Amino acid sequence: MTPRTMKAAVAHRFGEPLRIEEVPVPVPSRGEVLVKIVCTGVCHTDVHAVDGDWPAKPNPPFIPGHEGVGVVAALGEGVENLKVGDAVGIAWLHDACGHCEYCITGWETLCETQHDSGYSVDGSFAEYAIGNAAYVARLPQDVDFAAMAPILCAGVTTYKGIRETEARPGEWLAISGIGGLGHLAIQYATAMGLQVVAVDVAEDKLALARKLGASATVDARQPKAVEEVLDVTGGGAHGVLVTAVSPPAFSQALGFTRRRGTMSLVGLPPGDFATPIFDVVLKRLTIRGSIVGTRKDLAEAVAFATEGKIVPTIERRKLEDVNDVLQGLRDGNIQGRVVLDIGTP
Ligand code: NAD
Ligand code: ZN
Ligand code: ZN
């Protein structure tokens with residue numbers, strides 16, 4: 001039997017710590033499932049949500065979290081593709097309209113009426129969360145819950161972002177920002193046959209990058225960082241993935257994008273960066289945004305992990321530690337991903 005109330009970390013006011021509270025267990029509506037959360041990753045997007053960083057803000061009170069893995073505990077009316085006990089994931093894309101121009105062309109991540117987990121609908125920093133049966137991630141029954149959690153956002157986002165650079169096997173991918181997203185990006189890129197140069201502002205992140213297979217690392221704080229990347233890659237990286245939570249990192253990354261190369265923007269620090277028109281035109285650069293991934297991208301990203309090609313570096317903490325973890329992300333001193341242990345399958 002599902003209990004009536006559950007423990008959740010709730011955001012009441014932007015910039016304030018989350019409060020651990022007892023709240024009602026949500027009831028799945030038509031087409032939805034109730035998911036018993038086993039664990040959840042903590043993404044830097046949760047910091048942006050809690051701090052109200054972005055132009056479109058969530059509506060407090062809300063429960064953040066969009067890297068939730070668990071099992072289906074109850075079915076809403078009409079759900080036929082899932083059964084109680086199935087292992088599923090709560091990802092950023094909670095649902096989309098299904099019939100707009102973007103939804104019908106396999107770009108549901110661009111749907112203008114989408115709902116997002118832990119942002120416009122309650123997310124996974126709780127013992128239970130609602131998922132849409134047509135949008136939750138399908139996971140193998142024997143899934144390693146903690147290792148799978150970071151794949152739900154950091155994994156799919158970087159897998160998609162790398163593909164959006166159009167870099168081909170054997171070519172160079174530069175990754176700026178080796179945090180939760182970046183450390184998985186190194187592994188996806190390597191599995192996809194790309195050569196990786198990793199860029200970050202912290203020596204411990206660069207050490208992790210080398211351990212995970214980066215061929216070269218560059219300290220972004222060095223005055224000659226751009227020249228170093230150009231040197232290592234023989235004229236610039238064919239693809240550049242920017243996950244760094246810092247606008248200057250975007251300007252810097254444009255500088256080490258190879259002629260005809262593509263820079264894929266994934267990090268979402270509030271702010272802007274200057275785009276030198278002359279360089280973009282004469283080098284025929286492409287600057288492209290990339291937002292999470294579709295359900296198909298997610299299934300592919302999960303498959304890489306299930307095949308053992310992606311092994312997240314995780315630190316396991318309790319739900320009660322969530323404010324500490326969010327502060328660690330703000331301060332830039334979290335290695336890989338923190339996964340909060342919440343319940344049993
Ligand atoms: P994180 O805090 O784990 O990692 C950020 C990394 O950036 C850290 O390693 C930090 O040292 C590094 N960094 C900071 N300044 C830098 C600089 N000037 N140059 C190079 N590296 C620098 O965060 P995360 O969870 O990996 O998320 C990263 C960003 O991606 C966040 O803004 C998040 O909101 C965004 N995000 C976007 C999507 C999307 O779909 N586009 C999805 C998930 C997360
Ligand atoms: Zn995320
Ligand atoms: Zn739509």
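1. C43 and H66 are both buried in this predicted model, and the two residues serve, together with C153, as ligands of the zinc ion (ligand 2), through C43 (SG), H66 (NE2) and C153 (SG) at 2.0 to 2.3 Å. The spacing of these donor residues along the sequence is C-x22-H-x86-C. C43 belongs to the loop between β3 (32-42) and α1, whereas H66 belongs to the loop between α1 and β4, so that a pair 23 residues apart links distant parts of the chain. When reading this site, one should keep in mind that water is not among the atoms, and that sites may therefore look incomplete.

2. The other site to be discussed is that of the zinc ion (ligand 3), which is coordinated at 2.3 to 2.4 Å by C97 (SG), C100 (SG), C103 (SG) and C111 (SG). The arrangement is tetrahedral, because the angles subtended by the four donor atoms run from 106 to 116 degrees; for comparison, the ideal angle for four tetrahedral donors is 109.5 degrees. In sequence the donor residues follow the spacing C-x2-C-x2-C-x7-C. C100 and C111 both lie in the loop between β6 (93-95) and β7 (115-116), and the pair therefore ties together parts that are eleven residues apart in sequence. C111 has a relative accessibility of 3% and so counts as buried.

3. On the aromatic side chains, a search of the whole structure finds six aromatic pairs. One of them joins W54 and Y119, whose ring centres are 5.6 Å apart and whose planes stand at 35 degrees, so this pair is tilted. W54 is placed in the loop between α1 (44-51) and β4 (68-75), and Y119 in the loop between β7 and β8 (128-132), so the pair ties together parts that are 65 residues apart in sequence. Both residues, W54 and Y119, are buried, and ring pairs join W54, W92 and Y119 into a cluster.

4. A further aromatic pair is formed by Y159 and F304, with ring centres 5.3 Å apart and planes at 50 degrees, so that this pair, too, is tilted. Y159 comes from helix α3 (residues 154-164) and F304 from helix α9 (residues 295-306), and the pair thus links distant parts of the chain, 145 residues apart. Y159 and F304 are each buried. F304 has an additional partner in K309, whose charged end sits over the ring of F304 at 5.5 Å from its centre.

5. Helix α3 deserves a separate remark, since ten of its eleven residues are buried and the helix is therefore largely enclosed by the rest of the structure. Among the buried residues of α3 are Y159, K160 and E164. The charged end of K160 sits over the ring of W107, 4.4 Å from the ring centre. Just after α3, E166 takes a positive phi of about 60 degrees, a point at which the backbone may be inspected.

6. R337 is found in strand β17 (residues 337-341), and, at a relative accessibility of 3%, this arginine counts as buried. A polar atom of the R337 side chain lies 3.3 Å from the backbone oxygen of V42.

7. As to annotation, an unreviewed UniProt entry lists residues 15-340 as "domain: Enoyl reductase (ER)". In the model, this span is 28% helix and 26% strand, and its end C-alpha atoms lie 21 Å apart.

Definitions and conventions: Residues are numbered from 1 along each chain as its sequence is written. Chains are lettered from A and ligands numbered from 1 in the order in which they are written. This is a predicted model: local features need pLDDT of at least 70, side-chain atom pairs count only at pLDDT 80 or more; totals for chains, interfaces and linings use all residues. Side-chain values use heavy atoms; hydrogens and water are left out. Donors are N, O and S atoms within 2.8 Å of the metal (3.2 Å for Na, K and Ca); water is not among the atoms, so sites may look incomplete. Four donors count as tetrahedral if all angles lie between 85 and 135 degrees; four count as square planar and six as octahedral if opposite donors are over 155 degrees apart and all others between 65 and 115; anything else is irregular. Helices (H or I, at least four residues) and strands (E, at least two) are DSSP runs, numbered from the N terminus. Buried means under 20% relative accessible area, exposed over 50%, partly exposed in between (1.4 Å probe, protein chains only). UniProt positions are given in the numbering used here, feature names are shortened, and annotations may be inferred rather than shown by experiment. Rings of Phe, Tyr and Trp (its six-membered ring) pair if their centres lie within 6.5 Å; planes under 30 degrees apart count as stacked, over 60 as edge-to-face and the rest as tilted. A charge sits over a ring if NZ of Lys or CZ of Arg is within 6 Å of the ring centre and within 35 degrees of the ring normal. A polar contact is a pair of N or O atoms within 3.5 Å; within protein, one must be able to donate a hydrogen and the other to accept it, and residues adjacent in sequence count only if both atoms are side-chain atoms.
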